Structures are given as structure tokens and as C-alpha cells.
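Student: I'd like a close look at one part of this protein, and how that part sits in the rest of the chain. Could you walk me through it in one go?

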There are 2 protein chains.
Amino acid sequence: MHEPDRTDPAALPRTVGELGEDAALARILPRLRPADAAILGPGDDAAVVAAADGRFVVTTDLMVQGPDFRLAWSTPFELGWKAAATNLTDVAAMGARPTALVVAIAAPPSLDASVLEGIADGLREGLSALAPGAGVVGGDLTASAVLTIAVTAFGDLEGRSPVTRSGARPGDVVAHAGARGDAARGLALLFGEATDAAGEPDAAAAEALRARHPELVAAQLAPSPPVAAGVAAAIGGATAMLDVSDGLARDARRIAQASGVGIDFTAAALGPDVRLALAGGEDHGLLATFPAGTALPEPFERIGIVTDAAGRLFVDGVAIDSAGWDPYSGWDGRSG
Amino acid sequence: MHEPDRTDPAALPRTVGELGEDAALARILPRLRPADAAILGPGDDAAVVAAADGRFVVTTDLMVQGPDFRLAWSTPFELGWKAAATNLTDVAAMGARPTALVVAIAAPPSLDASVLEGIADGLREGLSALAPGAGVVGGDLTASAVLTIAVTAFGDLEGRSPVTRSGARPGDVVAHAGARGDAARGLALLFGEATDAAGEPDAAAAEALRARHPELVAAQLAPSPPVAAGVAAAIGGATAMLDVSDGLARDARRIAQASGVGIDFTAAALGPDVRLALAGGEDHGLLATFPAGTALPEPFERIGIVTDAAGRLFVDGVAIDSAGWDPYSGWDGRSG
């Protein structure tokens with residue numbers, strides 16, 4: 001085997017394949033902050049995490065190059081940030097405080113190791129911003145033709161009951177915390193203005209778009225969902241709650257079906273573009289119901305009312321269909 | 001949209017893409033058995049799992065089409081079984097009893113939904129055989145060009161301390177439970193006898209090979225590691241333990257380095273092919289150290305002794321190098 005010249009920085013191993021699994025992991029782990037809840041962190045066959053009240057909340061989510069992200073648009077930092085944010089919101093939607101993540105990455109051997117470092121930085125900063133005290137307690141690194149990030153996130157219910165989708169009751173107030181439609185607007189801008197003549201994602205055009213619409217591009221590529229609002233909702237008496245990942249309408253129907261109720265949105269509360277607010281996916285806000293008269297915890301806003309029309313959705317009393325993001329209807333098969 | 005004729009079975013949706021995420025999940029979930037530890041199972045943003053002693057063990061692992069499996073060789077059932085088995089062994093290697101899994105699958109839209117059903121069946125039966133009472137508590141399904149299975153597994157230490165890699169002490173007995181080299185022999189047979197003229201995996205040849213060497217093919221494609229031996233080792237006083245996934249030598253060196261000790265294997269105890277026993281990966285046996293004089297719990301066998309030669313490996317007193325499986329050195333870039 002050819003031994004590279006260690007005195008020339010350009011000759012140092014740079015791709016994941018050149019480094020191998022152990023050396024690549026050695027570049028990632030120091031960039032991550034330990035979780036407060038870690039009893040035993042990365043480095044053994046498994047980690048050990050505290051579950052103070054004798055239970056833990058767990059959710060898992062895959063992000064795949066192509067259907068879920070494009071390397072021409074997302075920086076590695078944004079990929080790590082978004083992987084943390086989307087999973088933290090699922091934990092928050094149960095009314096739990098996020099405590100820890102495990103992160104498994106499958107990466108092409110040709111991938112520059114700096115991409116993994118950027119993902120690690122994004123995970124660390126996303127956790128720090130959205131769920132201080134939570135950290136990465138373990139992971140896996142393997143090879144794949146397609147960059148894939150699998151995150152499993154944990155949370156602490158702190159003695160409370162989980163807030164499920166099935167507790168909404170007629171007369172409850174429907175409330176929402178977070179952006180409505182911004183992630184979808186960002187994605188539409190990227191598809192409309194950050195592709196080349198062949199329709200392929202274009203990095204330079206994305207960079208220019210970022211300068212013109214920083215908030216909307218960030219809402220899509222590195223969202224900052226209201227994670228702390230999940231615990232606040234649970235303490236504040238929420239009867240049902242979920243993470244709005246597939247669009248307000250599609251996710252509201254999940255509460256309506258699980259709870260056997262109807263949900264009637266107030267158009268004036270949804271913002272200037274009602275259709276976008278209802279259909280746009282990936283905002284990762286929290287949709288919750290509260291008993292009438294509850295003082296809504298910040299930053300929840302009242303956007304409708306629970307009715308007895310089981311499984312049905314309305315806007316100002318007029319029935320609507322739900323629509324939103326399905327990974328199999330929204331992807332054209334390109335790898336990104 | 002064209003509405004298929006529901007009276008003709010051949011016209012029913014068959015691929016994951018035709019079904020969409022919700023309908024595909026509805027085919028998978030009924031095939032899984034609830035976990036005894038599930039307080040809240042699949043169907044909400046997150047699951048809630050019991051952690052009776054206030055802690056939980058967690059490990060995560062990705063299986064990717066190409067580097068980790070080939071669809072021409074593995075049945076979907078075997079993929080599910082192996083995904084369960086490899087993660088259960090990591091939990092067992094901490095001395096914990098496996099309680100639950102979450103499973104995220106990324107699948108091409110063109111994949112027949114029966115493949116997902118087969119994976120679910122293999123997960124269920126693998127759990128039932130290797131860790132009765134454990135079950136799948138949640139998951140995710142998304143699209144990818146490459147079939148990818150991400151499992152995160154949980155375990156209960158039942159009040160015990162975790163058995164890490166760092167507790168081995170000079171004079172301890174080195175013991176092993178499980179197969180030594182069978183998975184590697186199975187893989188060598190598959191590469192040698194189950195490929196076509198172009199070197200591509202061939203399903204018919206694999207089927208014929210299965211008939212000739214059922215045990216060795218099963219050791220590679222659907223291993224049955226000694227999961228229950230992990231708890232037995234912990235109760236029996238193991239000072240260090242790990243899952244042998246990358247070959248006995250490479251994994252023994254991990255104990256040697258973490259514990260600051262040497263490991264001297266006894267050649268006669270390793271079986272007829274010492275090199276294969278030391279280098280072959282994916283057996284998923286348990287390598288553990290016990291204080292001298294310990295009655296080894298079944299099915300552990302004594303295979304060596306811990307010495308004070310920090311970080312070094314020996315066979316009958318002669319120093320050796322470690323070698324084993326690295327996902328980035330063992331894969332040729334084909335998708336399988």
C-alpha cells in the first residue's frame with residue numbers, strides 16, 4: 001500500500017473511504033457535546049442514558065439525499081441542524097424535554113470527511129439552540145451510495161403523562177406554535193430559483209437566493225421549531241399535540257381521526273395565504289388543543305376550535321380536504 | 001388520477017411508491033408484536049418505553065443495500081432478522097436485557113411492498129427467538145435510491161452496572177460465546193459460488209448454495225447470536241464485554257486498548273482455522289473477560305487470558321496484528 005506523505009497537508013486522507021470508520025469517527029466525536037443525561041456516552045457497544053421517571057420518550061427519523069435534501073442546497077451544518085431539529089420536535093410534541101440523540105450516518109466512500117464534521121457541528125449547535133443540555137450519546141458510521149442520516153431522539157416526561165393525538169375534545173381551542181408555510185415557501189423558492197437549465201439543484205444560485213431570502217431559505221434548510229413550547233403545552237394542560245411535519249391540514253386530520261373530533265380553522269388566524277399555511281410541510285411547528293378558557297402558553301396562537309364532526313376538517317365552518325407531504329409523492333427519484 | 005380496478009388483485013397497489021407512506025406503514029405495523037416494555041407504542045410522534053431502573057441502554061446500527069447486504073442473496077425476512085440480531089447483541093454486550101427497537105426504513109418507490117412485509121416478519125421472529133418480550137415500538141418510512149434499514153435498540157440493566165470494554169484486568173480469563181468464523185465462511189461461499197459470470201450476486205446460485213451449506217449461509221444472512229448470554233455474563237461477574245462484529249482480533253484489541261491490557265488467545269481453543277476465527281467478521285458472538293476461577297456461564301468458552309501487555313494481542317504468547325471488517329475497506333461501491 002502506498003504511504004501518503006504526512007508532511008504535505010494536501011496528501012492527508014480527506015475522504016471517508018480513505019480515513020476508514022474509526023478515523024472518521026475520531027474526527028466527529030470531539031465536535032459533539034456530551035448530553036447531561038448520558039451515564040455512559042459514545043465508545044462502547046451501547047450508551048447508557050438516564051430516565052429519571054422510569055420511562056423514556058423515543059422517536060426516529062431518516063434524512064436521505066434526494067428526497068429529503070440536496071447537497072447543492074444544504075450545507076453540512078444545515079443537514080446536522082435539521083436532523084436535530086426535526087427529531088427534537090417529535091419529542092417535544094409528546095410534552096417531553098429532549099435529553100439525547102443517537103446518530104447513524106451512511107456516507108459514500110468518496111465523501112469529503114469535512115462533510116461529516118459539518119454535520120457534527122450542525123447537530124451540536126442545533127441541540128444547543130433548541131434543547132440545551134441534550135447531546136449525542138452514540139452512533140454508527142457505514143458506507144452507502146446515498147448520504148443518509150438516521151437520528152433517534154429521546155426525551156424525559158418529568159413525571160407527566162405523554163400528550164398524544166387522541167385527547168382532543170369538542171369545544172377545545174386549537175392552537176399552533178411556530179412557522180406556517182415558511183418552509184414550503186423556502187422550498188418553492190429553491191426549486192424555482194436555485195436550479196440550473198436542466199432543472200438540477202445549483203449551488204451558486206442557492207447562495208444568491210440565500211442572500212435575497214435568508215429567513216425562508218433557513219426555514220426550509222435549518223428550521224428553528226419551538227421545541228421548548230412542547231413542555232410548556234403539557235404543563236399548560238394540552239389535551240392533544242403533534243409536530244406539524246406534513247402540513248397543518250394533513251397533521252390536523254391525524255388529531256381529528258385519533259381523537260374522533262373535527263377541527264375548524266379560523267382563516268383570519270392562519271395568515272395571508274391560508275392555502276399555503278394549511279398545505280405547506282416541514283415547518284415543524286406544534287399543533288395542540290387546550291380546554292376552552294386555557295391561557296395559551298407562549299408562543300401558541302389560537303387558530304381554530306375542536307368540533308364534534310369526527311375526522312373532518314373545516315375552515316370557517318366550510319369542510320376541506322387535507323393535503324400535504326408524502327415522501328413517495330414528493331420525490332422524483334433523483335439522488336440530489 | 002386513474003383509479004385502479006379494485007376487483008382485480010393484479011391492479012392493487014404493490015410498490016411502496018404506489019401505496020404511499022401511510023398505507024405502507026399500515027401493512028407493516030400489524031405484523032409486529034408489541035414490546036412488553038411499551039407504555040405507548042407506534043402511531044404518535046414518539047413512543048414511550050419503560051426504563052424500570054431509571055436508565056436505558058441504547059445502540060444504533062444502519063444496514064445498507066450494497067455494503068451490508070445484497071437483495072439477490074438475502075430474503076427480506078433475513079434482512080429483518082439480521083437487523084434485529086445485530087442490534088440485540090450490542091445491547092446484550094452491555095449486560096442488558098433487550099426491551100425494544102425502533103426501526104426506520106428508506107426504500108425505493110419501486111420496491112414491492114411485500115419486501116417491507118418480509119422485513120417486518122423477520123424483525124418479529126428474530127426478536128421472538130433472540131429476545132422474547134422485546135418488540136418494535138416505533139419507526140419511520142421514507143424514500144431512498146438505496147434500501148436502508150436503521151435500527152435503534154434499547155435494553156434494561158435491571159439495576160446492574162453496564163459491562164464496558166474497559167474493565168479487563170491482567171489474569172482475567174478471556175471467554176467467548178457464539179460462532180467463530182461461520183459468518184465469514186458463509187460470505188466467502190456467497191462471493192465464491194453465488195455470483196454470475198460478471199461477478200454480480202446471483203439469486204439462483206445463492207439458493208443452490210443454501211441447500212448445500214444451510215448453516216454457513218444462515219450464519220451470514222440471518223445469524224442467531226447468543227443474546228441471552230449477555231445478561232448471564234453480567235450476573236456471572238464479567239469484567240469487560242463486547243459484541244464481536246468486526247472479527248475476534250479487531251474487537252479483542254478494542255478491549256485491550258480500553259482496558260490497558262493484553263489479550264493472549266489459546267490457539268487450540270479457537271477451532272481448526274485460527275486465522276479465520278480471529279479475522280472473520282459479523283459473527284456477533286460475545287467476547288468477555290472474567291476474574292480467574294469464575295465458573296463461566298453457558299455458552300461461554302475459555303479462549304485465552306488477559307495479560308499486562310497494554311493494547312497488544314497474542315496467540316499462544318506470540319504477538320499478532322489485528323485485522324477485520326471496515327465498511328470502507330470491504331465494499332466495492334456496487335449497490336447490490
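**The annotated domain and its surroundings**

Tutor: Let's begin with the record: an unreviewed UniProt entry annotates residues 43-155 of chain A as "domain: PurM-like N-terminal". Keep in mind that what you're looking at is a predicted model. In that model, residues 43-155 of chain A are 31% helix and 37% strand, and the C-alpha atoms at the two ends of the span lie 22 Å apart.

Now zoom out to the whole chain. Chain A carries 9 helices and 13 strands. Its radius of gyration is 21 Å, which agrees with the value near 20 Å that a compact globule of 336 residues would have. Along the principal axes, the C-alpha atoms of chain A fill a box of roughly 70 × 55 × 30 Å. Of the 336 residues, 60% count as buried. If you take the contacts in chain A between residues at least 6 apart in sequence, 85% of them join residues at least 24 apart. As for the outside, chain A has an accessible surface of about 12300 Å², with 54% of that belonging to carbon and sulfur atoms. On the charge side there are 24 positive and 43 negative charges in chain A, and their mean positions are 5 Å apart.

Back to the domain's far edge. Strand 6 of chain A runs 148-156, strand 7 runs 173-177, and Glu158(A) is found in the loop between them. Glu158(A) has a phi near 50°, a positive value in a residue other than glycine. Glu158(A) counts as partly exposed because its relative accessibility is 37%, and the band for that label goes from 20% to 50%.

For the other end of that loop, switch to chain B, where Asp172(B) sits between strand 6 (148-156) and strand 7 (173-177). With a relative accessible area of 6%, Asp172(B) is buried. Asp172(B) is 17 residues from Gly155(B) in sequence, yet their C-alpha atoms are 26 Å apart in space. Beyond its neighbours within four places in sequence, Asp172(B) is in contact with several residues, including Thr239(B), Thr289(B), Phe290(B), Pro291(B) and Val306(B).

One more loop is worth a glance while you're there. In chain A, the peptide bond joining Glu298(A) and Pro299(A) is cis, with omega about -5°, and Pro299(A) is in the loop between strand 10 (285-290) and strand 11 (301-307). Over in chain B, the bond from Glu298(B) to Pro299(B) is cis too, with omega near -5°.

Technical notes:
Residues numbered from 1 in each chain as written. Chains lettered and ligands numbered in written order. Predicted model: local features only at pLDDT ≥ 70, side-chain atom pairs only at ≥ 80, totals over all residues. Heavy atoms only, no water. Helix = DSSP H or I, 4+ residues; strand = E, 2+ residues; numbered from the N terminus. Rg over C-alpha atoms; globule rule 2.2 N^0.38 Å. Buried < 20%, exposed > 50% of the residue type's maximum accessible area, 1.4 Å probe, protein only. Contact = heavy atoms within 4.5 Å. Areas by Shrake-Rupley, 256 points an atom, 1.4 Å probe, with all protein chains shown as cover. Lys, Arg positive; Asp, Glu negative; His and termini not counted. Charge placed at Lys NZ, Arg CZ, Asp CG, Glu CD. UniProt positions renumbered as here; feature names shortened; annotations may be inferred.
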